[in-house]
Amino acid sequence: MAFLLSLLMALVLVSYGPGGSLGCYLSRRLVLDARENLRLLDRMNRLSPRSCLQDRKDFGLPQEMVEGDQLQKDQAFSVLYEMLQQSFNLFHTERSSAAWDTTLLEQLRTGLQQQLEDLDTCRGPVMGEKDSELGKMDPIVTVKKYFQGIHDYLQEKGYSDCAWEIVRVEMMRALTSSTTLQKRLKKMGGDLNSP
């Protein structure tokens, strides 16, 4: 009995260690959470986008990077994680609470947090020291600049209702792209520790 227990414990430790794969498999739940977050963002619509046409802006979503085949598996994971983290931060700003129904906003925050937690199991083994190697292409810096542009826009517009509506529509585009990236990662094997 002690041998079986020791063997079981060893299997669990190996599975979740740096060489194991159970901790880094992109689950179906991650994709379902992403779809739910998009649905919540859609429900958060309070204004007609047509009434805010004068506030439109091209934020420069790095779509070709997110949806194209430019990224290796670890880079794609890093970009996905950063997009979700930046989205979470955006919806956690003090000013976002005044813009939308607080119940829907809280559900969206929780959904984004859940996705980040699901991805966090891979953060160490996949990203760890490899972040410094991404300097050649620097996809993380590109994502951060994109979100900084959104923050700057909101500030410039005084966090108006129309500005938040334009950002809501933009975040639907960004999260749709991140969903595409999740699907690409699953096609690459889903197990982020495999070559």
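Me: Hello! Is Ile140 buried or exposed?
Reply: In this predicted model, Ile140 is found in helix 7. Buried means under 20% relative accessible area, exposed means over 50%, and partly exposed lies in between (1.4 Å probe, protein chains only). The relative accessible area of Ile140 is 15%, so Ile140 counts as buried.

Me: What kind of model is this?
Reply: Residues are numbered from 1 along each chain as its sequence is written, and side-chain values use heavy atoms, with hydrogens and water left out. Local features need pLDDT of at least 70 and side-chain atom pairs count only at pLDDT 80 or more, while totals for chains, interfaces and linings use all residues, since this is a predicted model.

Me: How many helices and strands does the protein chain have?
Reply: Helices (H or I, at least four residues) and strands (E, at least two) are DSSP runs, numbered from the N terminus. Read along the sequence, the pattern is α-α-α-α-α-α-α-α. The count for the protein chain is eight helices and zero strands.

Me: What percentage of the residues in the protein chain is buried?
Reply: The protein chain has 195 residues. Of these, the buried share is 45%.

Me: What percentage of the contacts with a separation of 6 or more joins residues 24 or more positions apart?
Reply: Contact means heavy atoms within 4.5 Å. For the protein chain, the share of these contacts from residues 24 or more positions apart is 85%.

Me: Why are helix 4 and helix 7 called roughly parallel?
Reply: Two packed helices are described by the angle between their axes and the distance between the axes. Axes are lines fitted to C-alpha atoms, for helices over the stretch in contact, and angles run from 0 to 180 degrees between N-to-C directions; under 35 degrees counts as roughly parallel, over 145 as roughly antiparallel, 65 to 115 as roughly perpendicular and the rest as oblique. Helix 4 (residues 73-91) and helix 7 (residues 139-156) have axes 9 Å apart, at an angle of about 20°. That angle makes helix 4 and helix 7 roughly parallel.

Me: How many charged residues are in the contact of helix 4 with helix 7?
Reply: Ser78, Glu82 and Leu90 are among the helix 4 residues here, and they belong to a contact with helix 7 residues including Ile140, Lys144 and Phe147. Ala, Val, Leu, Ile, Met, Phe, Trp, Tyr, Cys and Pro count as nonpolar, Asp, Glu, Lys and Arg as charged, and the others, Gly among them, as polar. The contact has nine nonpolar and four polar residues, and the charged ones number two.

Me: In which handedness does helix 2 pass helix 8?
Reply: Helix 2 and helix 8 pack at about 165°, with axes 10 Å apart, and are therefore roughly antiparallel. A crossing is left-handed if the near helix is turned anticlockwise from the far one by less than a right angle, and right-handed if clockwise. The crossing of helix 2 and helix 8 is left-handed.

Me: How many nonpolar residues are in the contact of helix 7 with helix 8?
Reply: The axes of helix 7 and helix 8 come within 10 Å and cross at roughly 165°, so these two helices are roughly antiparallel. Tyr146 and Phe147 are among the helix 7 residues that meet helix 8, where Trp164 and Met171 are among the partners. With no polar residue and one charged residue, the nonpolar count is 11.

Me: Which residue is joined to Cys52 by a disulfide?
Reply: A disulfide is a pair of cysteine sulfur atoms within 2.5 Å, and the count comes to one disulfide. The S to S distance is 2.2 Å, and the partner of Cys52 is Cys162.

Me: What is the torsion about the S-S bond of Cys52 and Cys162?
Reply: Cys52 and Cys162 are both buried. The disulfide is left-handed, because its S-S torsion is about -75°.

Me: What is the relative accessible area of Leu175?
Reply: Leu175 is found in helix 8. Not counting residues up to four places away in sequence, Leu175 touches Leu38, Leu41, Leu84, Ser87 and Leu112. Leu175 is buried, with a relative accessible area of 4%.

Me: Which residue that is not a glycine has a positive phi of about 55°?
Reply: The residue sits in the loop between helix 7 and helix 8. At 26% relative accessibility, this residue counts as partly exposed. The residue with that positive phi is Tyr159.
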